[in-house]
Amino acid sequence: MTLLREAVGHTLRDVAREARVSLGYLSEVERGQKEASSELLNAICEALGLTLSSVMTGVAHEIKSRESAKLSVVDAA
């Protein structure tokens with residue numbers, strides 16, 4: 001989430017305020033220390049001017065790419 005936030009030029013404080021979540025909690029979510037509910041993820045996406053579906057699609061593509069890379073390594077062995 002940090003990369004998306006930085007890519008659209010928002011500070012952590014901006015997103016926390018817009019998503020109506022504490023700065024500390026959002027920071028923990030970004031660092032992977034807390035898991036966000038679907039409602040919070042949607043609020044964060046809205047604060048970033050993104051749709052939840054576009055973010056999830058990007059995540060799915062990233063996961064698929066990593067899985068393909070792992071399979072390639074296993075096949076090569």
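How many salt bridges does a search of the whole structure find? In this predicted model, the search finds three.

One of them joins the side chains of Arg-5 and Glu-30, with N and O 2.6 Å apart. Arg-5 belongs to helix H1 (residues 2-7) and Glu-30 to helix H3, so this salt bridge ties together parts that are 25 residues apart in sequence. Arg-5 has a relative accessible area of 10% and is therefore buried, the cut-off for that class being under 20%. Glu-30 also counts as buried, because its relative accessibility is 18%.

Another salt bridge links Asp-14 with Arg-17, and here the closest N and O atoms are 3.1 Å apart. Both residues lie in helix H2, three residues apart, which is about one turn of the helix. Asp-14 counts as partly exposed at 26% relative accessibility, whereas Arg-17, with a relative accessible area of 56%, is exposed.

Glu-62 and Arg-66 also form a salt bridge, their closest N and O atoms being 2.8 Å apart. This pair sits in helix H5, with four residues, about one turn of the helix, from one partner to the other. The relative accessible area of Glu-62 is 39%, so Glu-62 is partly exposed. Arg-66 counts as exposed, at 54% relative accessibility.

From the charged pairs the account turns to the nonpolar residues. In soluble globular proteins, nonpolar side chains tend to be buried together. The largest nonpolar core here has twelve residues, among them Leu-12, Val-15, Val-21, Leu-26, Leu-40 and Ile-44. Helices H2 (12-19), H3 (23-30) and H4 (38-48) are the elements that give two or more residues to this core. H4 provides the largest share, five residues. Within the core, which residues does Val-21 touch, not counting residues up to four places away in sequence? The contacts of Val-21 are Ala-16, Leu-26 and Leu-40.

Just before Val-21 in the numbering comes Arg-20, which is placed in the loop between H2 and H3. Most residues other than glycine have a negative phi. Arg-20 has a phi near 60°, a positive value in a residue other than glycine. With 79% relative accessibility, Arg-20 counts as exposed, a class that begins over 50%.

Another loop, between H4 and H5, holds Thr-51. Is Thr-51 exposed, partly exposed or buried? Thr-51 counts as partly exposed, because its relative accessibility is 45%. The C-alpha atoms of Thr-51 and Leu-41 are separated by 9.9 Å, and the two residues are ten residues apart along the chain.

Leu-41 leads on to the largest pocket, since Leu-41 is one of the residues that lie nearest its centre. The others named there are Met-1, Leu-4, Val-55 and Val-59. The pocket has a volume of about 340 Å³ and is lined by 18 residues. Which helices each supply at least two residues of this lining? They are H3, H4 and helix H5 (52-76). The largest share of the lining, eight residues, comes from H5. By class, the lining has eleven nonpolar, two polar and five charged residues.

Taken by element, H4 gives the largest share of the nonpolar core, while H5 gives the largest share of the pocket lining. H3 contributes two or more residues to the core and at least two to the lining, and holds Glu-30, the salt-bridge partner of Arg-5 in H1.

Note on methods:
Residues are numbered from 1 along each chain as its sequence is written. This is a predicted model: local features need pLDDT of at least 70, side-chain atom pairs count only at pLDDT 80 or more; totals for chains, interfaces and linings use all residues. Side-chain values use heavy atoms; hydrogens and water are left out. A nonpolar core is a set of buried Ala, Val, Leu, Ile, Met, Phe, Trp, Tyr and Cys residues joined through side-chain atoms within 4.5 Å. Buried means under 20% relative accessible area, exposed over 50%, partly exposed in between (1.4 Å probe, protein chains only). Contact means heavy atoms within 4.5 Å. On a 1 Å grid over the protein atoms alone, a cavity is a set of points where a 1.4 Å probe fits but cannot get out, and a pocket is an open set with protein on both sides within 12 Å along at least five of seven lines; lining residues have an atom within 4 Å of a point. Grid points are joined across faces, edges and corners, and a volume is the space filled by probe spheres set on the points. Ala, Val, Leu, Ile, Met, Phe, Trp, Tyr, Cys and Pro count as nonpolar, Asp, Glu, Lys and Arg as charged, and the others, Gly among them, as polar. A salt bridge is a side-chain nitrogen of Lys or Arg within 4 Å of a carboxyl oxygen of Asp or Glu.
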